[in-house]
Amino acid sequence: MKTSIRNISLVVFAIVLTRCSLFHLRPKGDYHIASVENNVCKKLEKKVIMYCVFVDTKYTNSWTTFDIESALDSVRKAMNWIEDQADLSDIGLNIKVDYHQTKKKVVPIRQNFPRKTLSGTLLSVNGVKYLDRWADKIGKKVLSVYPKDTSTITATKVKPKDRERLLAKLRDIHKTDNVALVYFVNNYYTDEISVAVHTAQDDSPEYAVVSFKEPSVIAHEFLHLFGAWDLYITPYDNARKARKKKSFAMREFPDEIMAFADRKIESLEISPLTRYLIGWDDNLDPNYVKMIFNKKIRLAKY
Ligand SMILES: [Zn+2]
């Protein structure tokens, strides 16, 4: 639990409160930034695949054709926005949206969460493990629509899981290393979270589960997969230091997508900090380094 939860970034959407709260648990002590060039989503440039899988569960709304269409519209809007943002850093980026389909029709995959809901699963003991199993089972079902072959498996330390086999397949089909795997569940009318897991490790492929159809949430989770960090304060940010750093970031970057995913995407931008974390900028302003990271940080140059 300890090792896996630190790689979780959550967006908790509390509809009643009208704004979200999110938290990001990270290891204590010194560490260096290795958010780029690891795992499956290596670097957000050139050709990137955004692969969407729509999932029905017992405790979420069923995906209707209309819901899927509107979710895909939001995905395209989010990806266009990210491409425009890449342009500002002179990064050539072409994101192709692809999705699981059978005979040219999107058919949602049915797979119940092990603990009723996404948050119920994730916040239980060994929650990440359970969520991984859920994601793997779906991966297997998605894979079954493709003909069998011997695609190269992603090089991770554990034996290939169905999620990895699916990613290998998609990399093979699209001829690119960068595939973002995002599961969509239809939680539109309830309080739920969106989550990106395994974003900073190499032993399990990262993926996201999105509960809402807002383009800003989709872009936020997508950016996590490529190394972005959460930059907003939540009740879970107990350490005073962490809160201080986050409030600095929120003041300094008032329109940052990783801090304000509850707003409309048109009003948001990608700050220099996130640009650095996702490898779009080679360097980070020394003032930000001092305020946001501790002194022991070894900043990687991309
Ligand atoms: Zn987040």
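This section describes the zinc site, the salt bridges, a charged surface patch and one buried leucine in a predicted model.

The zinc ion is held by three protein donors, namely His220 through NE2, His224 through NE2 and Asp230 through OD. These donors lie 2.0 to 2.1 Å from the metal. Along the chain, the donors follow the spacing H-x3-H-x5-D. His220 belongs to helix H6, which spans residues 215–225, whereas Asp230 is placed in the loop between H6 and helix H7 (240–252); the pair therefore ties together parts that are 10 residues apart in sequence. Both of these ligands are shielded in the computed surface: His220 is buried, with a relative accessible area of 0%, and Asp230 is likewise buried, at 1% relative accessibility.

Across the whole structure, 9 salt bridges are found. One of them joins the side chains of Asp67 and Lys213, with an N to O distance of 3.2 Å. Asp67 lies in helix H2 (residues 65–88) and Lys213 in the loop between strand S8 (207–210) and H6, so this contact ties together parts that are 146 residues apart in sequence. Neither partner reaches the 20% limit below which a residue is called buried: the relative accessibility is 14% for Asp67 and 12% for Lys213. The salt bridge thus pairs two buried side chains, Asp67 and Lys213. Helix H6 accordingly appears in both descriptions, as the element that contains the zinc donor His220 and as one boundary of the loop that contains Lys213.

A second salt bridge, between Asp162 and Arg165, has an N to O distance of 2.5 Å. Its partners are 3 residues apart in helix H5 (residues 162–174), a separation of about one helical turn. Asp162 is buried, with a relative accessible area of 18%, while Arg165 is partly exposed, at 34%. Arg171 forms a further salt bridge with Asp177, in which the closest N and O atoms are 3.9 Å apart. In this pair Arg171 is the buried partner, with a relative accessible area of 16%, and Asp177 is partly exposed, at 47% relative accessibility. In addition, Lys43, Glu45 and Lys46 are linked in a network of salt bridges.

Helix H5 also contains Leu170. This leucine is buried, with a relative accessible area of 0%. The C-alpha atom of Leu170 is separated by 9.5 Å from that of Leu143, the two residues being 27 residues apart along the chain.

A patch of positive charge is present on the surface, where Lys129, Arg133, Lys137 and Lys141 gather. Among these residues, Lys141 is located in helix H4, which comprises residues 127–143. Lys141 is partly exposed, with a relative accessibility of 38%. This value satisfies the requirement of over 30% relative accessible area for membership of a patch, a criterion that also excludes residues engaged in a salt bridge.

How values were computed
Residues are numbered from 1 along each chain as its sequence is written. This is a predicted model: local features need pLDDT of at least 70, side-chain atom pairs count only at pLDDT 80 or more; totals for chains, interfaces and linings use all residues. Side-chain values use heavy atoms; hydrogens and water are left out. Donors are N, O and S atoms within 2.8 Å of the metal (3.2 Å for Na, K and Ca); water is not among the atoms, so sites may look incomplete. Helices (H or I, at least four residues) and strands (E, at least two) are DSSP runs, numbered from the N terminus. Buried means under 20% relative accessible area, exposed over 50%, partly exposed in between (1.4 Å probe, protein chains only). Patches are made of residues with over 30% relative accessible area and no salt bridge: like charges are joined within 9 Å, nonpolar side chains (Val, Leu, Ile, Met, Phe, Trp, Tyr) within 5 Å. Accessible areas come from the Shrake-Rupley method with a 1.4 Å probe; for residues, only the protein chains shown count as cover. A salt bridge is a side-chain nitrogen of Lys or Arg within 4 Å of a carboxyl oxygen of Asp or Glu. Lys and Arg count as positive and Asp and Glu as negative; His and the chain ends are not counted. The place of a charge is taken as NZ of Lys, CZ of Arg, CG of Asp or CD of Glu.
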